[in-house]
Amino acid sequence: MEDSRGMSVLTPEERTRTSPLAWLLVLGIVLAALNLRTAVSSVGPLLDQLSASLGMSSVGTGLLTTLPVLAFATVGAITPTLARRVGEHRLLLLSLMTLGGGMLVRVLVDTAPVFLLSSAVALSGGAVGNVLIPTLIKRHFPARTGTMTTVYTTSLAVGTMLAAAATVPIEQASGDWHVALGVWAALAAVSALPWLALLRSEPERDHGRAGSGLRRMARSRLAWAIAVYFGTQSMIAYIMFGWLAAILTDGGYSTGQAGVILGAFTALNIPVSLLVPAVAARFRDQRPVVAGLVAAYTVGFLGLWLAPASTAPGWVVLVAIGMGSFPLALTMLAVRTRTAETTAALSAFGQSAGYLIAGAGPLLVGVLREVSGGWTLPYLLIFAVLAVQLFTGLYAGRDRYVEDERRVSLPG
């Protein structure tokens, strides 16, 4: 490509392919992804202890568990605007510093309001990273979207599992929950180092390319299909992480056995995250993958509901396979767009709307279980969500692009 003076100018893809910074970008994405969920998954195992130590009321505890959805939905929506003003590499560095800073502050205090506020700050940093990384993959690795999405989602799953599994042992070894949560702030600081070096390779900023904003996304049927698909898969994930242990204990398993199965369920997300994006990106049409994952979900949930409790681990494996809809949804953010700018807008719109949809899932399951005194109504809700997931996934999975849909709908 040549500029106005006839001089050769490298595109972002060419710079990435020809520069030794390519591996630094991969390292930066891996380390950032490892940290995006640690602020969430490290708190769950210590929730009762935190509530007692900080004197947190049930309202405060409920707010703490709701903060991730609120942060991912609200802060994620403004990320493309921030990226245009600040720059993508610089903004991701700031988001990781915000994530680490928030997690550090919350272990230095012993009051519930400051803990909640600093958690919200940390989660805001993670929310920015959620939207930015798919954009960076599209910008720097457009020909390797599937491979890099696999790297991203696998790192995300590893970080989530690591924080959930290691926080309690660290707390037991140190005798202090402050240390157990503070470890993850240190990891966030390490993840920022590659992005300090990458500040010199900041991509040229787009100052408002027409048709790539959130309002344009809101007028796109394809963008809405992806957003609802993202929301339904997130809702199922939140329901499973919040209620799987209760489902198993109600089925006759001990608390310890339920914890082991839940841990295995979380660990299975790693191989699923490795496989699904790599498979989905090989094809222009992702509808067969959508249908296959919904089928795995359906059989797994039917088994948990109707089959003998002794077979629950096998059904949980099928549900874990169905959880591949999460990396598939992230893959769609890149493969359904032509440019990094549109990927940024679609990522912000899809994840913000999706997380708002998802947040209602665990609450609805709790209400339905309380009203019915059993699991029939919660399972019926899950199957209704899966029906919506199948419908929107089949629409979003077809070979087409958001930009083309907008061009057709614009006057002239």
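Which side chains meet in a salt bridge at 2.6 Å, N to O? They are those of Arg 338 and Asp 404, shown in the second view below.

The model is predicted, with local features requiring pLDDT of at least 70 and side-chain atom pairs counted only at pLDDT 80 or more, while totals for chains, interfaces and linings use all residues. Residues are numbered from 1 along each chain as its sequence is written, and side-chain values use heavy atoms, without hydrogens or water.

**View 1. Salt-bridge network of Glu 88, Arg 139 and Glu 341.** A salt bridge is a side-chain nitrogen of Lys or Arg within 4 Å of a carboxyl oxygen of Asp or Glu; the structure holds six. In the Glu 88–Arg 139 bridge the closest N and O atoms are 2.8 Å apart. This pair links helix H6 (residues 88-107), which holds Glu 88, to helix H7 (residues 112-140), which holds Arg 139, across 51 residues. Helices (H or I, at least four residues) are DSSP runs numbered from the N terminus. For Glu 341 and Arg 139 the closest N and O atoms are 3.0 Å apart. Glu 341 is in helix H18 (residues 340-358), 202 residues from Arg 139. Relative accessibility is 9% for Glu 88 and 11% for Arg 139, so both count as buried (under 20% relative accessible area; exposed is over 50%, partly exposed in between; 1.4 Å probe, protein chains only).

**View 2. Salt bridge between Arg 338 and Asp 404.** Arg 338 lies in the loop between helix H17 (325-335) and H18, and Asp 404 in helix H21 (residues 402-409), so the bridge ties together parts 66 residues apart in sequence. Arg 338 is partly exposed at 44% relative accessibility, as is Asp 404 at 26%.

**View 3. Surroundings of His 178 in helix H9 (residues 177-191).** The His 178 side chain makes a polar contact of 2.6 Å with the side chain of Asp 176. A polar contact is a pair of N or O atoms within 3.5 Å; within protein, one must be able to donate a hydrogen and the other to accept it, and residues adjacent in sequence count only if both atoms are side-chain atoms. His 178 is buried, at 19% relative accessibility. Beyond four places in sequence, His 178 is in contact (heavy atoms within 4.5 Å) with Val 107, Val 109 and Asp 110.

**View 4. Surroundings of Asn 269 in helix H14 (residues 269-280).** Asn 269 is buried, with 12% relative accessibility. Leaving out residues up to four places away in sequence, Asn 269 touches Ala 157, Phe 241, Ala 320 and Met 323.

Conventions
Helices (H or I, at least four residues) and strands (E, at least two) are DSSP runs, numbered from the N terminus.
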